[in-house]
Amino acid sequence: MTSVTDDLPLAADFPQATVEDWRKLVDGVLKGAPFEKLVGKTYDGLKIEPLYPRTKGIAPVLGRPLAAPWQIVQRIDHPDATAANAQALQDLENGATGLALVFAGGSGAHGFGLEPSADAVAKVLKDIHLDAGIGVELQIGPQSRMAAIHVAEYVKSKGLDPAACDIRFGLDPLAAGAVWGHSPYTWEEIAPAVTGAIKGLAGLGFRGPFASADGRVIHDAGGSEVQELAFVLACGVAYLRAIEGAGIPLEQAQGMVYARLAADADQFLTMAKFRALRLLWARIETACGLTPKPLFIAADTAWRMLTQRDPYVNMLRATIATFAAGLAGANAITVLPHTLALGLPDPFARRVARNTQALLLEESNLGKVSDPAAGAGGIETLTAQLCDAAWALFRESETAGGAFAALQQGLFQSKVAAARKARDANIAKRRDVLTGASEFPNLHESETRVLKATPVALTPYGEQKYKFDALPPIRLAQPFEALRDKSDAALKSRGTRPKVFLANLGTPADFTARATFAKSFFEAGGIEATGSEGFADPAKLAAAFKASGAALACLCSSDKVYAEHAEAAAKALQRAGARHIYLAGRPAEAEAAQRAAGVTGFVFAGGDALATLQGAYLRMEQP
């Protein structure tokens, strides 16, 4: 066996590092704390160790053909068909190799979307050469289910060869039912309609794939990686069974189903998730007696990670997500423009979304490598753990009677609710950081431009005969953004934002660290922090507070200074009219005395920041 010194002769001068050596260094830093503090956990309870050895004897998990790029797919979702066509042509002229036609009511529409009429489809596709290697994906919902037929009719009307058109038709009633929380039909009634459409499209000569198993539904609702994978498997198997039941051989049905996954800014989990889906689907194909073929996986950067505040950070999140999905073998990637949470993106936001992928492909050459994570201990372990846990949940859904029955019984919804509850708690405590929203806010950011377009109003589809818990999409930053909206409303109506006075005690060396923390803490909720010099005289501190115009105050200093001056400072602030007095730091031995002096709350890392900020607004609203 070769060692690193065989390839790097200079390394022979250094002793080879061992895990034991590393543990000694780690134990020195931990200073008696348990090693388990360094072990992370996913929302599925999967352990993430701080260090992994290389995994040997691992073959790459292949998706795209070797050295082939993924499709650079651009969203087309403008409600005006003529404007949507202009966007599509511009995208194709400037590097996009695929289009996602997002119709109103589709799972990924997020308030906008194309009109699903034949006339609108013809306008959107005008002058687009569908037989010239362009990948087209339809994202449709129950209100737009006829869009697939209209697209097929348009191809026929133009005299194009359907087999030469790369169209993924996106038929997915299971995802629609999960999002809306009801269905007018049973699965036994839905399946023949789906397979009838598939047989009709295949009969016209289209290659497909036709049915999509869309994991974004779970991800957008706050679910975990395991839940997303299991839902994709359950839906994919349901469509395979339906297609086979309609008399289509499994070998042919194999290429009629594809998957969609969300890619987010957790790079390693995203890579492991995409790799895991390929392994899991191959296991299903093998169980069906089929020779496994690479599943077509389309990726969207995650909706739930987008923020309205400081939206330019969304560019960084999308870049990480695209990087991870691309390296993990995604066949097509759609980058959600960084301003989508604010409205319909303008040309600049669309260009950035498109060029995010172009740069990674053309300048970083990410498409030239195949599964570079193969053998990396951490990602291989995560992939295997995801496979085991997702397969177990998939089997639960099969025991329940399949995907539709599992939705009726609330199997997926209950697990998503539990994951979202845990996620919301970590967001509130800022353990999961949302830069620009829950951390490092900018109260003076300029307004971000979006197009003037009215969101599409949709009515529930069909009779709500079979109801179950819905899985609507959410964004993780929304609770903090709601507080920022309150602050903006106050600024607009009164000319000033809610304020907190940072009552700094002692020298800058004493208070700077905690004052910086407190400023970020309060401004994440839209409460403007006004700084001050360091005070030792309570009377001067009280006068500075009154002059600030703030309703709230927060003591900021070191524990040593708190012991000497916090109580007197709190009493002075209370006499000066402070409605609520916080102390930056964890409650300590002096908590009782500090509270008796007027301190009514503590702000510190790991505390429930969201609840504290919401409470601050309630106190300011009290007469």
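Strand β8 covers residues 211-214. A211 and A213 point one way from this strand, while S212 and D214 point the other way. All four are buried. In a regular strand, side chains alternate between the two faces of the sheet. The model shown here is predicted.

From β8, step across to strand β9, residues 257-263. The two strands pair in the parallel sense, over four bridges. One residue match helps to place them: A213 has A259 of β9 as its bridge partner.

The next step leads to strand β10. β9 and β10 also pair in the parallel sense, here over five bridges. At this junction, A263 stands opposite T301 of β10. β10 runs through residues 297-301, and five of its five residues are buried. Both of its faces are covered. I297, A299 and T301 lie on one side. A298 and D300 lie on the other.

I297 leads on to a charged residue, R278. I297 is among the residues that R278 touches. R278 belongs to helix α11, residues 267-287. Is R278 buried or exposed? R278 counts as buried because its relative accessible area is 7%, and the cut-off for buried is under 20%. Its contacts beyond four places in sequence also include V61, L62 and G63. P294 and L295 are touched as well, as are A328, G329 and N331. C387 is 109 residues from R278 in sequence, yet their C-alpha atoms are 9.7 Å apart in space.

Two of those contacts, G63 and G329, reappear at a cavity. How many cavities of 30 Å³ or more does the structure hold? There are five. The largest has a volume of about 90 Å³. Its lining has 15 residues, and G63, G329, V369, S370 and D371 are the closest to its centre. By class, eight lining residues are nonpolar, five are polar and two are charged.

Now turn to the nonpolar packing. The largest nonpolar core has 118 residues. Those touching the most other members are L101, L138, I167, W187, F274 and L277. Helix α9, residues 225-245, gives this core its largest share, 14 residues. I167 shows the packing at one point. Beyond four places in sequence, I167 touches V136, L138, V151 and V155. F206, G208 and P209 complete that set of contacts. Apart from this core lies another, of 55 residues. Its members include L502, Y582, A584 and A609.

Technical notes: Residues are numbered from 1 along each chain as its sequence is written. This is a predicted model: local features need pLDDT of at least 70, side-chain atom pairs count only at pLDDT 80 or more; totals for chains, interfaces and linings use all residues. Side-chain values use heavy atoms; hydrogens and water are left out. A nonpolar core is a set of buried Ala, Val, Leu, Ile, Met, Phe, Trp, Tyr and Cys residues joined through side-chain atoms within 4.5 Å. Buried means under 20% relative accessible area, exposed over 50%, partly exposed in between (1.4 Å probe, protein chains only). Contact means heavy atoms within 4.5 Å. Two strands pair if DSSP finds at least two bridges between them. On a 1 Å grid over the protein atoms alone, a cavity is a set of points where a 1.4 Å probe fits but cannot get out, and a pocket is an open set with protein on both sides within 12 Å along at least five of seven lines; lining residues have an atom within 4 Å of a point. Grid points are joined across faces, edges and corners, and a volume is the space filled by probe spheres set on the points. Ala, Val, Leu, Ile, Met, Phe, Trp, Tyr, Cys and Pro count as nonpolar, Asp, Glu, Lys and Arg as charged, and the others, Gly among them, as polar.
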